Amino acid sequence: MNRRAWGLIRFFVFLLALSIAVTYMVAERQVAIQKEKGQMTKERLLAMGNISFAHENLINDIKMDLSLNQEILVLLGHYGHLFGEAALIKFNDPDNNTYYLVMDILFYSTLTEGEKTILISHELKHATHPPEAWLGKEAVKYQMDADTYAAKRTSPEAVIDLLEKIKGRFQFPITLLIRILIRNSEEYDARMTNLKNLQSLPEQ
């Protein structure tokens with residue numbers, strides 16, 4: 001076996017070892033994140049960010065459109081490591097009927113007003129979904145439903161652009177590998193297909 005062949009073997013062994021190491025680190029990190037999320041309290045969530053009233057008119061309009069009677073409190077802070085770009089959180093407390101819409105400040109600061117409308121519309125649509133909406137294969141159905149609602153308030157093209165922007169946040173070599181490991185490409189493809197199908201529908 002020549003030197004070039006040995007070099008290729010060593011290179012592929014290195015890639016395999018790197019993949020295993022990154023997979024292990026991601027798995028450990030995911031376990032730590034789930035533990036931190038499981039221990040999350042309303043007080044800690046509030047302490048991590050700042051309340052924003054910048055989108056009150058939009059939120060009130062969406063609440064009326066979706067027949068939501070819960071209070072919606074918007075929080076901007078460094079939530080990305082726990083909840084991604086944005087998340088709608090409801091604590092299991094019968095005395096607290098509030099939904100907390102948390103948005104990562106680093107991501108939020110890159111958005112146009114139209115993109116903020118999409119993000120907020122998408123997340124608030126999840127308030128109409130059952131609590132188990134994030135479990136199993138049903139999750140993609142609810143994500144597509146939220147995408148559809150956001151597209152209704154803006155356009156399918158605008159939602160597609162935002163999804164691509166979110167995907168494009170992870171283009172550095174190591175984080176790209178992590179994205180491949182932790183982001184469900186099948187879900188992403190299903191959501192994009194749904195939005196492209198909406199593009200083909202006649203305008204109402």
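User: Leaving aside neighbours within four places in sequence, which residues is Tyr108 in contact with?

Analyst: Quick heads-up: this is a predicted model, where local features need pLDDT of at least 70 and side-chain atom pairs count only at pLDDT 80 or more, while totals for chains, interfaces and linings use all residues. Residues are numbered from 1 along each chain as its sequence is written, and side-chain values use heavy atoms, with hydrogens and water left out. Contact means heavy atoms within 4.5 Å. Skipping neighbours within four places, the partners of Tyr108 are Ala54, His55, Leu76, Met103 and Lys116.

User: Is Tyr108 buried or exposed?

Analyst: Tyr108 sits in helix H5, residues 105–108; helices (H or I, at least four residues) and strands (E, at least two) are DSSP runs, numbered from the N terminus. Buried means under 20% relative accessible area, exposed means over 50%, and partly exposed is in between (1.4 Å probe, protein chains only). Tyr108 has a relative accessible area of 9%, so it counts as buried.

User: How many helices and strands does the protein chain have?

Analyst: Follow the chain along its sequence and you get the pattern α-α-β-α-β-α-β-β-α-α-α-α-α-α. Its secondary structure comes to ten helices and four strands.

User: How many residues are in the largest nonpolar core?

Analyst: A nonpolar core is a set of buried Ala, Val, Leu, Ile, Met, Phe, Trp, Tyr and Cys residues joined through side-chain atoms within 4.5 Å. In soluble globular proteins, nonpolar side chains tend to be buried together. In this model, the residues with the most contacts inside the largest core are Ile62, Leu101, Met103, Ile120, Leu124 and Leu195, and the core's size is 33 residues.

User: Which helix gives the most to this core?

Analyst: The top contributor covers residues 156–167 and supplies five residues. A second, separate core of twelve residues includes Met40, Leu45, Tyr79 and Phe83. Back in the largest one, the biggest giver is helix H8.

User: How much accessible area does the nonpolar patch with Leu15 have?

Analyst: Patches are made of residues with over 30% relative accessible area and no salt bridge, with like charges joined within 9 Å and nonpolar side chains (Val, Leu, Ile, Met, Phe, Trp, Tyr) within 5 Å. Leu15 is in helix H1, residues 3–38, and counts as partly exposed because its relative accessibility is 33%. Areas come from the Shrake-Rupley method with a 1.4 Å probe, and for residues only the protein chains shown count as cover. Together, the surface patch of Leu8, Phe11, Phe12, Phe14 and Leu15 has about 510 Å².

User: Which side chain does Gln143 make a polar contact with?

Analyst: Gln143 is in helix H7, residues 139–153, and at 10% relative accessibility it counts as buried. A polar contact is a pair of N or O atoms within 3.5 Å; within protein, one must be able to donate a hydrogen and the other to accept it, and residues adjacent in sequence count only if both atoms are side-chain atoms. At 2.9 Å, the side-chain partner of Gln143 is His122.

User: And which side chain does Asp147 join through a polar contact?

Analyst: Asp147 is in helix H7 too, and it's buried because its relative accessible area is 1%. Besides residues up to four places away, Asp147 touches His122, Val159, Leu163, Arg191, Asn194 and Leu195. The polar contact is 2.7 Å, and the partner is Arg191.

User: Which residue does Arg191 meet in a salt bridge?

Analyst: A salt bridge is a side-chain nitrogen of Lys or Arg within 4 Å of a carboxyl oxygen of Asp or Glu. Side chains of opposite charge can pair when their charged atoms come close. Arg191 and its partner both lie in helix H10 (residues 185–199), four residues apart, about one turn of the helix. At 3.7 Å, N to O, the partner is Glu187.

User: Which residues are linked with Arg153 in a network of salt bridges?

Analyst: Arg153 meets one partner at 2.4 Å, N to O, with the two positions 92 residues apart in helices H3 (residues 56–66) and H7. It meets another at 3.6 Å, N to O, and that pair is 88 residues apart. Arg153 is partly exposed because its relative accessible area is 27%. Its network partners are Asp61 and Asp65.
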